[in-house]
Amino acid sequence: MSEQNEKPMITDVFVSGVRRGWGIATGSMLPNVLMAFVLIYFLKLTGILDLIGNLCGPLMRVFGLPGEALMVLLAAWLSMGGGVGVASSLFAADTLSLHDVAVLAPAMYLMGSQVQYIGRLLGVVGVPGKYIPVMVLISVINALLSLVVMQILV
């Protein structure tokens, strides 16, 4: 009884990984990023983005950012792909500078996709509901602290 354990060829493993990655990129990330670009274009076209920038300007100036930067944080809180798309769109429109994007990046990752993960992960594993707001608040506070630290470092 000889049992052969053939190892898959490295090229087969690579191609399989590329296929899975392509599926994730086109099925999950791309729609969020595209939606963010369209949303920012619509908000800019209608003047709502300027209104948001003016209203949120004082709050975001505490972190050395323009008011529109709050859109990046809100979008990232909903979806990381959306947050990246909003940041990219605002950068392309010269609303955010490279410095602003660098300051925002850690905050995006520290509180990214929480709305999605609350339902997908915390509810599934049985985290009691009373702990979820505390967990969200801790992530948001960490993100805000990262904005302060990044202003010092960058």
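Start at Val72 in this predicted model. Leaving aside residues up to four places away in sequence, Val72 touches Gly83, Val86, Ala87, Leu90, Leu96, Leu104 and Met108. Two of these names, Val86 and Leu104, come back when we step out to the largest nonpolar core: together with Leu65, Val72 and Leu147, they touch the most other members among its 29 residues. Who supplies this core? Helix 1 (10-46), helix 2 (48-61), helix 3 (69-78), helix 4 (80-92), helix 5 (98-111) and helix 7 (132-153) each give at least two residues. Helix 3 makes the largest contribution, with seven residues.

It is worth laying the UniProt record over this picture. An unreviewed entry there carries the annotation "transmembrane region" for residues 21-43, 69-92, 101-119 and 131-153. How do two of these spans look in the model? Residues 69-92 are 96% helix and 0% strand, yet the C-alpha atoms at the two ends lie 13 Å apart. If you follow that stretch along the chain, you will pass through both helix 3 (69-78) and helix 4 (80-92). Residues 101-119, for their part, are 89% helix and 0% strand, with 28 Å between the end C-alpha atoms.

Now move along to helix 6 (residues 114-125), which packs against helix 7 at an angle of about 140°, the axes being 12 Å apart. The crossing of helix 6 with helix 7 is right-handed. On the helix 6 side, the contact is made by Gln114, Ile118 and Leu122; these meet Ile132, Met135, Val136, Ser139 and Val140 of helix 7. What sort of residues are they? Six are nonpolar, two are polar and none is charged.

Finally, have a look at two loops, where the backbone does something you might expect from a glycine. Asp94 sits in the loop between helix 4 and helix 5, and this residue has a positive phi of about 60° although it is not a glycine. Ser113 also has a positive phi of about 60°, again without being a glycine, and its place is in the loop between helix 5 and helix 6. Are these two residues buried or exposed? Asp94 has a relative accessibility of 69%, so it counts as exposed. Ser113, on the other hand, is buried, with a relative accessible area of 3%.

Key
Residues are numbered from 1 along each chain as its sequence is written. This is a predicted model: local features need pLDDT of at least 70, side-chain atom pairs count only at pLDDT 80 or more; totals for chains, interfaces and linings use all residues. Side-chain values use heavy atoms; hydrogens and water are left out. UniProt positions are given in the numbering used here, feature names are shortened, and annotations may be inferred rather than shown by experiment. Helices (H or I, at least four residues) and strands (E, at least two) are DSSP runs, numbered from the N terminus. A nonpolar core is a set of buried Ala, Val, Leu, Ile, Met, Phe, Trp, Tyr and Cys residues joined through side-chain atoms within 4.5 Å. Buried means under 20% relative accessible area, exposed over 50%, partly exposed in between (1.4 Å probe, protein chains only). Contact means heavy atoms within 4.5 Å. Axes are lines fitted to C-alpha atoms, for helices over the stretch in contact, and angles run from 0 to 180 degrees between N-to-C directions. A crossing is left-handed if the near helix is turned anticlockwise from the far one by less than a right angle, and right-handed if clockwise. Ala, Val, Leu, Ile, Met, Phe, Trp, Tyr, Cys and Pro count as nonpolar, Asp, Glu, Lys and Arg as charged, and the others, Gly among them, as polar.
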